[in-house]
Amino acid sequence: MVDRIYNFSPGPAVLPYEVLEQASRDVVNFQGLGMGLIEVSHRSKQFIAVMDEAEALLRELMGIPDNYKVLFLQGGASSQFFMVPMNLLGPGKKATYLNTGTWAKKAIKEAKLFGEVEVAYSSEEQNFIRVPKQGEYTVSPDSEYLYLVSNNTIYGTQFPEFPVVEKMMVCDMSSDILSRPFDVSRFGLIFAGAQKNLGPAGVTIVVIREDLLDRAPATTPTMLNYKTHADKGSMFNTPPCFAVYVVGLVLKWLKGIGGVPAIDRINREKAALLYAKIDESDYYRGHAEPASRSLMNVTFNLATPALEAKFVAEAEAIGLNGLKGHRSIGGCRASIYNAFPSEGVAKLVSFMSEFEKANPV
Ligand SMILES: *Cc1c(COP(=O)(O)O)cnc(C)c1O
């Protein structure tokens, strides 16, 4: 693995090295066909097998019940911000949203184009340092769904447990899908852009309960109707072939290391190391309230923006890349998704100790 740095990028993000190696070979010559994977027809039996395997692995690893469809869509996770209400809301219908960060806010804005939105909770005035606890908000009985973002990539907060509500939930899991076990059947719809925890940019996974496929108004454009893609196995038009294929390789890798229970343990260990370092002194200050801390994106500040800039630059010089925080909150952010190696976290922690000693405040 020469020339590999530790990539803390929030997304697109680090992928398993063996996945990259396999993909690089298959791009040139796929299964001895004499043509590369990205040249093969999406209707060929070879590519159909790629799609089928990716779906089967996702179903197995997430424990997706049979009455749910798995869709491979384009347009990024951001297109789901409007596709969800376009398909599930309508004039006179209401949905409940939890405003826990930038991605939730964007989804709220889009939902308002299609129906009534009840924002039952917001941590915006506290600069999104937390997510709500059970019982801190109420969901109107006439609401169609409760929408939440499981992991707030920018602020570094995450629901430690999913809400227990009567309503079906709709969840943006773009930055923590397959990072921990959970019960899919409590959700009507789950979506995730692939480029954080699943693969390269270009495909968005949607897991939708079958009975919701008939809710879209007749005026819904064909390509924006979930049913179109569900009925055609995500092959109504050309799917994002390369991205789906790499997602399949990542899922195979995940299964190989023990699946979601194994990665959950590893993720908890990695995050615990970093948070222990942050909590050890006042030198590094965590952005998120401890009870809302993300296992995927660890956000923290140093005493001044100048010191933060120095920290990020010196880290980069020793191969710790991508630690600059999102422009909306500044500071530092270490994104440690499933494929981020534990050794990289250990190296960051020891760099943090050295930096603290060398730059007293
Ligand atoms: C990155 C991200 C998005 C946006 O994804 P795109 O594919 O770029 O549209 C949405 N939600 C969450 C939680 C994210 O982390």
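Which helix gives the largest share of the shell around the ligand? Keep that in mind as you open the model, which is a predicted one.

**Stop one: the ligand and its shell**

Select the ligand and show what surrounds it: you should find 13 residues. The closest are Ser-78, Thr-153, Asp-172, Gln-195 and Lys-196. Now colour helix α3, residues 76-88, and you have your answer: this helix supplies 4 residues of the shell, the largest share. Try colouring the shell by residue type too, and it splits into 7 polar, 4 nonpolar and 2 charged residues.

**Stop two: oxygen atoms of the ligand**

Next, zoom in on three side chains. Start with Thr-153, where a side-chain N or O atom sits 2.5 Å from an oxygen atom of the ligand. Move on to Lys-196: here the distance from a ligand oxygen to a side-chain N or O atom is 2.7 Å. For Gln-195, the matching distance is 2.9 Å. Switch on a surface as well: the ligand taken alone exposes 390 Å², and the protein buries 87% of that.

**Stop three: a sheet with a helix across it**

Leave the ligand and select β11, β12 and β14. They form an open sheet of 3 strands in the order β11-β12-β14, paired antiparallel. At the edges are β11 (285-286) and β14 (332-335), each pairing on one side only. Look at how β11 meets β12 (residues 297-301): the two pair in the antiparallel sense over 2 bridges. Label Gly-286 and you'll see Phe-300 of β12 opposite.

Finally, add helix α7, residues 259-280. This helix lies across β11, β12 and β14, and runs at about 15° to β12.

Notes. Residues numbered from 1 in each chain as written. Predicted model: local features only at pLDDT ≥ 70, side-chain atom pairs only at ≥ 80, totals over all residues. Heavy atoms only, no water. Near = heavy atom within 4 Å. Polar contact = N/O pair within 3.5 Å; in protein donor to acceptor, adjacent residues only side chain to side chain. Areas by Shrake-Rupley, 256 points an atom, 1.4 Å probe, with all protein chains shown as cover. Nonpolar A, V, L, I, M, F, W, Y, C, P; charged D, E, K, R; others polar. Pairing = 2+ DSSP bridges. Contact = heavy atoms within 4.5 Å. Axes fitted to C-alpha atoms, helices over the stretch in contact; angles between N-to-C directions.
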